[in-house]
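User: I would like to learn how to read burial, helix length and pockets from a set of coordinates. Could you take me through them one at a time?

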Amino acid sequence: MSPACRAHFGMAPEQERLSHEGWLTLIHPADLDRMRRHVQTIVSRRADESIEYRIVRPDGTIRWIWARTRIERDTAGRPIAGYGVQQDVTERRLAEDALRERELHFRTAAEQTSDLIYAYDVDTGAIQWFGDVDGAFGYPPGLFPRTLEGWEAHIQLEDRAAATAALATHLAE
């Protein structure tokens with residue numbers, strides 16, 4: 001077991017190598033059944049597989065680990081050893097969780113307003129609408145064209161030039 005792997009699991013450098021059973025004791029209880037199924041899968045399928053799971057270090061700290069394992073087999077196809085790579089992905093997972101939570105808060109707020117909120121992708125021209133854009137423009141759910149052209153087509157002709165100029169100015173800022 002490498003020093004980095006020992007550090008992932010919160011083990012001292014001089015601590016003895018973990019047995020399979022010892023390693024299972026570090027798996028977060030909520031992930032243990034999934035990890036057992038994963039181990040059975042990689043042994044039975046004869047394929048490299050990866051998984052993300054949580055561990056609980058001896059000090060109680062919870063960390064996320066990404067692991068990919070390869071099983072070595074004898075000439076009869078029986079497993080004789082396992083080799084793998086593990087990476088602590090806790091910071092990425094925490095960032096993803098925080099992003100999902102912020103997105104949920106934003107979507108909840110956007111759905112509760114009577115205003116329409118949009119995000120415009122200048123590279124693709126796609127517009128992501130929040131709020132009832134379909135209802136606001138008189139379309140059945142999901143049918144309003146979610147493009148800049150679709151938006152422009154619904155602006156009164158006499159207002160279109162001013163609205164598109166204001167948008168262009170805003171996007172240039």
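**Reading a helix, a loop residue and a pocket**

Analyst: In H4, a helix in the DSSP sense (an H or I run of at least four residues, numbered from the N terminus), Thr90, Arg93 and Ala110 are buried, where buried means under 20% relative accessible area with a 1.4 Å probe and protein chains only. This is a predicted model, in which local features need pLDDT of at least 70 and side-chain atom pairs 80 or more, while totals for chains, interfaces and linings use all residues. Residues are numbered from 1 along each chain, and side-chain values use heavy atoms, without hydrogens or water.

User: What span should the 23 residues of H4 have?

Analyst: The expected span is 1.5 Å times one less than the number of residues; for H4 (residues 90-112) that gives 33 Å, and the end C-alpha atoms are 33 Å apart, which agrees.

User: Is His28 buried or exposed?

Analyst: His28 is buried, because its relative accessible area is 16%. His28 lies in the loop between H2 and H3, and its side chain reaches the backbone nitrogen of Ala30 at 3.0 Å.

User: How is empty space found, and which residues lie nearest the centre of the largest pocket?

Analyst: Rolling a probe the size of a water molecule over the atoms shows where empty space is left. A pocket is an open set of points on a 1 Å grid, with protein on both sides within 12 Å along at least five of seven lines, and lining residues have an atom within 4 Å of a point. Here 29 residues line the largest pocket, with Arg17, Thr69, Gly82, Gly84 and Gln86 nearest its centre.

Definitions and conventions:
On a 1 Å grid over the protein atoms alone, a cavity is a set of points where a 1.4 Å probe fits but cannot get out, and a pocket is an open set with protein on both sides within 12 Å along at least five of seven lines; lining residues have an atom within 4 Å of a point. Helices (H or I, at least four residues) and strands (E, at least two) are DSSP runs, numbered from the N terminus. Buried means under 20% relative accessible area, exposed over 50%, partly exposed in between (1.4 Å probe, protein chains only). A polar contact is a pair of N or O atoms within 3.5 Å; within protein, one must be able to donate a hydrogen and the other to accept it, and residues adjacent in sequence count only if both atoms are side-chain atoms.
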